[in-house]
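Dear colleague,

Please find below the structure that I am handing over to you. My notes on one part of it follow.

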Amino acid sequence: MIGIRDLRYRSLDIPGLTLDPGTTAVIGPNGSGKTTFLELCAGVAAPDSGTVTIDGERPCDTTIGWVCEFPDRNMIFSRVSDELASPLRFRHDDCREVVMQVEKMAENLGISSLLTRDIKGLSGGEKVLVSLATALVAAPHLLIMDETDSHLDQTTLERIREYLSRHMPPYILYCTQDMDAAASADHLLVFGGGRVADQGTPDAVFERLRDTCFHPPARRFF
Amino acid sequence: MRLCLQELHLRRGSWELACTAGFRDGVHFVSGNVGSGKTTLSMLCAGLILPESGRVMTSGISTRALSFQFPEYHVTGSTIGKEIASWGLQAETVLENAGIGAGEGDDPLTLSRGELKRLELACIFSAEPDLLILDEPFSSLDCAGKHRLCHWIEERERGITILFSHERSVLPDVDCLWEMEGGRLTSLGKTAGAIPHWKDAPHYISTALEMGADLVNISLKSVEEAVCRIRD
């Protein structure tokens with residue numbers, strides 16, 4: 001499980017939280033601390049106090065795929081294929097195996113045609129797909145996506161869902177402003193003012209949010 | 001006012017954009033998949049890139065603004081107050097409209113992405129440009145921010161607004177629907193008659209159509225009510 005104890009960082013204050021394996025969606029207003037929470041779980045930020053553990057390990061000792069809300073901020077190579085290969089090359093995987101894995105991942109996410117492209121020339125949505133493919137190529141134990149869906153169309157999101165249903169990492173943690181997407185998670189966290197304001201199954205939480213704009217359109221209409 | 005795209009052509013590697021279109025006063029919604037050319041077209045409309053051939057012509061448009069998909073790369077002020085001042089606007093009013101708790105002296109890059117988007121959109125709408133181009137303006141906004149943005153779009157009294165978006169849950173009332181696919185722009189016409197032919201329609205609309213709803217002579221806002229009546 002993901003365990004959080006006495007966590008404090010900037011405006012974030014979480015005395016205790018445990019998340020079981022599966023998918024956890026994080027929702028809440030702009031500025032409520034969602035991204036900060038994901039950064040701490042990903043290990044890209046260290047808390048002022050408290051701990052985050054994933055199956056007993058620190059984030060830095062776990063294979064984590066991290067898709068940043070600013071998709072090209074984390075990119076270090078100029079060519080798409082080099083960026084996608086980087087997690088495998090950094091751990092010194094066999095060169096031929098790397099090429100094979102990169103091509104396979106690109107095909108799975110429908111971005112084979114981008115492999116020889118320069119990242120600077122990609123559209124926003126294409127950058128997100130490259131970032132997601134890079135996060136997934138090393139088969140992470142925990143996949144974290146920070147509003148990845150806000151840059152993608154429905155067809156592309158379906159392709160990603162289909163891929164993840166076949167290659168599900170043990171943990172997926174994602175924040176979203178698409179409440180229909182949040183409703184498909186196993187567990188839901190609601191952030192407000194740097195704290196976990198509510199949590200539970202999507203059915204239970206969204207029932208409590210019935211009279212707010214956070215209630216999913218699909219549940220409102222059908 | 002009028003914006004005319006006359007036989008625009010632009011090639012990037014094996015991908016090419018080619019379109020001819022005319023936009024009059026009102027709100028135009030352009031949908032399309034990732035890589036279909038929406039951002040490239042938005043930059044052509046804004047005059048930030050030039051086509052290899054063809055012309056972008058305007059009539060009656062003296063001011064134009066483009067809201068970028070990633071505003072974090074276009075911040076020019078070291079404080080929120082300076083950023084707002086760079087638009088020639090009063091900080092107090094803009095901050096109130098943006099609905100963010102930060103102060104004038106704060107660094108804009110310490111805002112969350114959604115908050116920065118709110119700030120940038122509040123500045124752009126306060127500037128009241130004749131031609132307003134919005135590239136994925138809903139991305140990162142929470143539901144309150146999305147509703148506020150819809151209100152701003154609908155309240156524009158004049159000018160041309162072109163909205164490029166994947167948004168699926170909160171939509172403003174728009175006058176015309178367009179679809180972008182493989183670098184080609186297709187006009188679906190006035191919203192009232194275009195909804196049944198809208199391939200990129202949000203899930204609740206496509207589901208209602210599949211259920212046999214007759215969504216003609218209806219605005220996007222009224223669709224929500226119609227869908228609720230079908231359900232009940």
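Which residue stands opposite Leu134(B) in β6(B)? In this predicted model, that place is taken by Ser67(B). The two strands concerned are β5 (residues 64-67) of chain B and β6(B), which run parallel and are joined by four bridges.

On β6(B), Leu134(B) also stands opposite Leu163(B) of β7(B). Strand β7 (residues 160-164) of chain B pairs with β6(B) through five bridges, again in the parallel sense. Between β6(B) and β7(B) the chain passes through helix α5 (residues 143-155) of chain B, and this β-α-β crossover is right-handed.

Strand β6 (residues 131-135) of chain B is largely enclosed by the rest of the structure, because five of its five residues are buried. In a regular strand, side chains alternate between the two faces of the sheet. Here Leu132(B) and Leu134(B) point one way from β6(B), while Leu131(B), Ile133(B) and Asp135(B) point the other way.

The helix of the crossover, α5(B), also meets helix α4 (residues 113-127) of chain B: their axes come within 11 Å and cross at roughly 10 degrees. Angles under 35 degrees count as roughly parallel, and α4(B) and α5(B) are therefore roughly parallel to each other. From α4(B), the contact involves Arg118(B), Leu121(B), Ala122(B) and Phe125(B). From α5(B), Ala144(B), Gly145(B), Arg148(B), Leu149(B), Trp152(B) and Ile153(B) take part. The residues of this contact comprise seven nonpolar, two charged and one polar.

With kind regards

How values were computed:
Residues are numbered from 1 along each chain as its sequence is written. Chains are lettered from A and ligands numbered from 1 in the order in which they are written. This is a predicted model: local features need pLDDT of at least 70, side-chain atom pairs count only at pLDDT 80 or more; totals for chains, interfaces and linings use all residues. Side-chain values use heavy atoms; hydrogens and water are left out. Buried means under 20% relative accessible area, exposed over 50%, partly exposed in between (1.4 Å probe, protein chains only). Two strands pair if DSSP finds at least two bridges between them. A crossover is right-handed if, with the strands pointing away from the viewer, the path from the first strand over the helix to the second runs clockwise. Axes are lines fitted to C-alpha atoms, for helices over the stretch in contact, and angles run from 0 to 180 degrees between N-to-C directions. Angles under 35 degrees count as roughly parallel, over 145 as roughly antiparallel, 65 to 115 as roughly perpendicular and the rest as oblique. Contact means heavy atoms within 4.5 Å. Ala, Val, Leu, Ile, Met, Phe, Trp, Tyr, Cys and Pro count as nonpolar, Asp, Glu, Lys and Arg as charged, and the others, Gly among them, as polar.
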